[in-house]
Amino acid sequence: MNVLKFGGTSVKSAENIKKVISIILNHRQNGDVLGAVVLSAMSGVTNQLIEIGRMAATNNPDYLELIRGIEERHFNVIKSLIPIKEQSKVFATVRGTVNELEDLLRGVSLIRELSDRTLDLVMSFGERLSCLVISECLKSKGVPARFCDARQLIRTDAQFSMAEVEETATNQQIKDYFSTIGADLPIVTGFIGSTAQNETTTLGRGGSDYTASILGAALNADFIDIWTDVDGMMTADPRKVPNAFNIPTITYAEAMELSHFGAKVIYPPTLQPAFAKNIPIRILNTFNASHEGTVISRTADRRDFTITGISSIDDIVLVNIQGSGMIGVAGVSAKLFSTLAHYKISVILISQASSEHSICFAIEPRNADRVREILEAEFATEILHGHIDNISIERDLSIIATVGEGMKKSSGIAGKLFSVLGKNGVNIIAIAQGSSEINISVVINKNNLSKALNAMHNVFFQSEARILNLYLVGAGLIGRTLLQQIQAQYEYLRTEKSLRICLVGVSNTKKMLLDPKGIDLTNWQERLSSEGVTTSLPAFVDKLKDYNLPNSVFIDCTADKDIPLFYEPLLNANVSIVTPNKVANSGPYADYKRLQRATVRRGVKFLYETNVGAGLPIINTLQGLMTSGDRFLKIEAILSGTLSYIFNTFRPGVSFAEVVREAKAKGFTEPDPREDLSGMDVARKILILAREAGFELEPSDVTINNLLPESCIAAPSIPAFFEELERNNAFFENLLQEAENRNEKLRYVATFENGKVTIELRSVGFEHPFYSLSGADNIISFTTERYKERPLVIKGPGAGAEVTATGVFADVVSIGSYLA
Ligand code: ADP
Ligand code: ASP
Ligand code: MG
């Protein structure tokens, strides 16, 4: 025999009630015995009744309108689901009940007071109305339904709004009632009960689940089925963690911890009666009835994950009592908690520092002021004598609980938990581990809740799909190529590398688009142009911070001078950065160092492999040598693809100007080729390498031996520059000739040695590694303590959108593995 309970959403409307009816009819057709059906009020009605009560108490006549709305909802169900000729009788019953409610509220508005006792009576109308109407609907479908007001079954004490059930009397009343009803199916109002004096009480919000469990236990049911609006108990609240998934089996203890810490899908007291009688509770979905849902019982199946679920209470306050007088004084905590118990203040979590210098505990915010008053009165003497310094209250906090029987057997869960929160910049304010060892709870700031829940869910349940949230600024050639590459590799990364890349923001110089749900990589350009708003970097960064998504990565694919000003605040907000933009690393040394420090302090990444040599593994190699303790003696490099191309192409019979023109036409140079020929870009790159090698250098420490004659530099325009270049052809030919005479080649080389950086045009012989460089390639040679005899050389294409994007992409992916 089963007891079924349907929640507020399941009975919200005629359409939903049809589903409830068909579930009940199905059971009967299958020959299942149904002991009772417990129903909630239609969703939203209990909240409205509370509001109505408060409005009446303040003599606000608008409450009548709300009552009409509630009546209307029930009438609509009658109209849709009950044959016309049977409707009038049901309308009359509903009208009668609503009249009773109105009389009561008239009284409330006269005395201008709403006690907890009266409010319980007001709230009882929600369940009474829904059961009245639905029992009639069932009757009209041939089910021998019988309306049952639970006030005749559930006996409680007089603690209004949160009454305690008196078990013996209740069980007796249930047995008595069921012995009189024959084969009828009682449709029982959830949530409500009554005292021995026949005063109406309620069992606490969400209490209809509890009613079902009490009935199931009293009737020795085989199952207690809680029908709701989700596929069973999930690994987290699906409204907060979209990736949450169903838990097929779970123990009473685990379900208890999860619901105590906010998993609203089952009301915590519900578990006790079922547990005592060892009756399994099933959580099922009215809107997906064939889903197996969750079975809560003594044992659970083996699972693939070390924890079972994560839950949260969104809003709590933390009360902290501290003082030297608390050390070693047994009894302070005894006194504290017995006082709280006396005033029926429920404590959600307790955490004591090992020094015993302070105790803190979490309570609901509505109790905060009362608790402070109570404790200040209770500990007045201790405060007076300075044994207790103060009682402080911290607000706007949330609790997250990780729960699972598997935690008893495995170590490292706390470590994993703290590390993921740390990497995402979530500060832990208090920690508590239940003595049962199946729960570790942390208190954090409320504004980090969503990020923390999703990041934790990611590491504990989705090792097969870690998520990186990307924000791309600069959708030019490199940015676009990067997104193309990511799109092409998306499936591979997801299936082979367990990495899901989600583009959350993108902007070019004109427009920006941010969507926390993700921007499809196949049509981001259309969306950016149709939905994008005018680009504003501060607004972009504000939004990014506002979303507060876990594992966020900011990618700067521009050469902009201002964007790097945002790097430090971003790193401080625990956002990693990947960029080919050299500006941040090649300015004042102090700025470079500050960013380095921020990354270490925040445990995030700042990656810029593409600052030098595009996708070539130069910076990674250098950093690897540094961390393994090697020391740099000399760095020699050709770091400009443009200049490399120019000097590889310059040959007798062709003018130097012609070669530069050709390079410009091929897109190898900046619009003004002097930017390349001036050596500035090379200077930035070698400066970055020297800094990475541990040297504290400023841009002014770089000496550039100028390649261009003065008149070329001074030319007022680009055409004028080319003219000057032609005019100076003899100068360049001469350089070339001299090199050829020595069987050498012209190379534009940057050298770092003995703390000095020099950039100059040199000629090198065939024994030199730079002699045989071709095309637009870069080459870097590291001479270190360990690579002294023969330097370590890296060579290859060092420019171009495709290889630069590849380098950025590799940096992004490496953040994914670091965050795992
Ligand atoms: P009912 O009205 O059926 O009693 P509730 O709204 O009380 O339904 O509870 C169901 C809701 O509980 C779900 O819609 C879901 O948002 C929330 N919830 C919170 N935590 C969990 C969880 N771990 N698993 C499933 N649902 C959860
Ligand atoms: N109707 C009550 C509430 O909203 C009880 C329940 O639905 O379980 O809290
Ligand atoms: Mg509920």
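In this predicted model, an oxygen atom of ligand 2 lies 3.0 Å from a polar side-chain atom of Ser-40, and a nitrogen atom of the ligand is placed 2.8 Å from an N or O atom in the side chain of Thr-46. The backbone contributes as well, since a polar backbone atom of Gly-206 is found 2.8 Å from an oxygen atom of ligand 2. Taken alone, ligand 2 exposes 260 Å², of which the protein buries 85%. The residues that surround ligand 2 are Ser-40, Thr-46, Glu-127, Phe-191, Arg-205, Gly-206, Gly-207 and Ser-208. Sorted by class, this shell comprises one nonpolar, five polar and two charged residues.

Around ligand 1 there are 17 residues, among which Thr-228, Met-234, Asp-237, Arg-239 and Lys-264 come nearest. Two of the residues in that group make polar approaches through their side chains: a polar side-chain atom of Thr-228 lies 2.7 Å from an oxygen atom of ligand 1, and an N or O atom in the side chain of Asp-237 is 2.9 Å from an oxygen atom of the ligand. A backbone N or O atom of Val-265 is also positioned 3.4 Å from an oxygen atom of ligand 1, which is within the 3.5 Å cut-off applied to polar contacts. On its own, ligand 1 has 570 Å² of accessible area, and the protein covers 92% of this. The shell around ligand 1 is made up of seven nonpolar, five polar and five charged residues.

With regard to the overall fold, the protein chain contains 29 helices and 29 strands. Its radius of gyration is 36 Å, whereas a compact globule of 820 residues would have a value near 28 Å. The C-alpha trace of the protein chain spans about 120 × 70 × 55 Å along its principal axes. Of the 820 residues of the protein chain, 53% count as buried.

An unreviewed UniProt entry lists residues 722–749 under the name "coiled-coil region". In the model, the chain over residues 722–749 is 68% helix and 18% strand, with the C-alpha atoms at the two ends lying 23 Å apart. Within the stretch named by the record, the helix α28 covers residues 729–741, and the loop that leads from α28 to β26 (745–753) holds Asn-743. Asn-743 is not a glycine, yet its phi is positive, with a value near 60°. This residue is exposed, its relative accessible area being 60%.

A positive phi is likewise found at Lys-344, where the angle is about 55° although the residue is not a glycine. Lys-344 belongs to the loop between α10 (332–342) and β12 (349–352). With a relative accessible area of 58%, Lys-344 is classed as exposed, because that class takes in values over 50%. The relative accessible area of 60% at Asn-743 leads to the exposed class by the threshold of over 50%. For both residues, then, a positive phi is paired with a place in a loop between a helix and a strand, as seen for Lys-344 and for Asn-743.

Notes:
Residues are numbered from 1 along each chain as its sequence is written. Chains are lettered from A and ligands numbered from 1 in the order in which they are written. This is a predicted model: local features need pLDDT of at least 70, side-chain atom pairs count only at pLDDT 80 or more; totals for chains, interfaces and linings use all residues. Side-chain values use heavy atoms; hydrogens and water are left out. A residue is near a molecule or strand if one of its heavy atoms lies within 4 Å of it. A polar contact is a pair of N or O atoms within 3.5 Å; within protein, one must be able to donate a hydrogen and the other to accept it, and residues adjacent in sequence count only if both atoms are side-chain atoms. Accessible areas come from the Shrake-Rupley method with a 1.4 Å probe; for residues, only the protein chains shown count as cover. Ala, Val, Leu, Ile, Met, Phe, Trp, Tyr, Cys and Pro count as nonpolar, Asp, Glu, Lys and Arg as charged, and the others, Gly among them, as polar. UniProt positions are given in the numbering used here, feature names are shortened, and annotations may be inferred rather than shown by experiment. Helices (H or I, at least four residues) and strands (E, at least two) are DSSP runs, numbered from the N terminus. The radius of gyration is taken over C-alpha atoms; the globule rule is 2.2 Å times the number of residues to the power 0.38. Buried means under 20% relative accessible area, exposed over 50%, partly exposed in between (1.4 Å probe, protein chains only).
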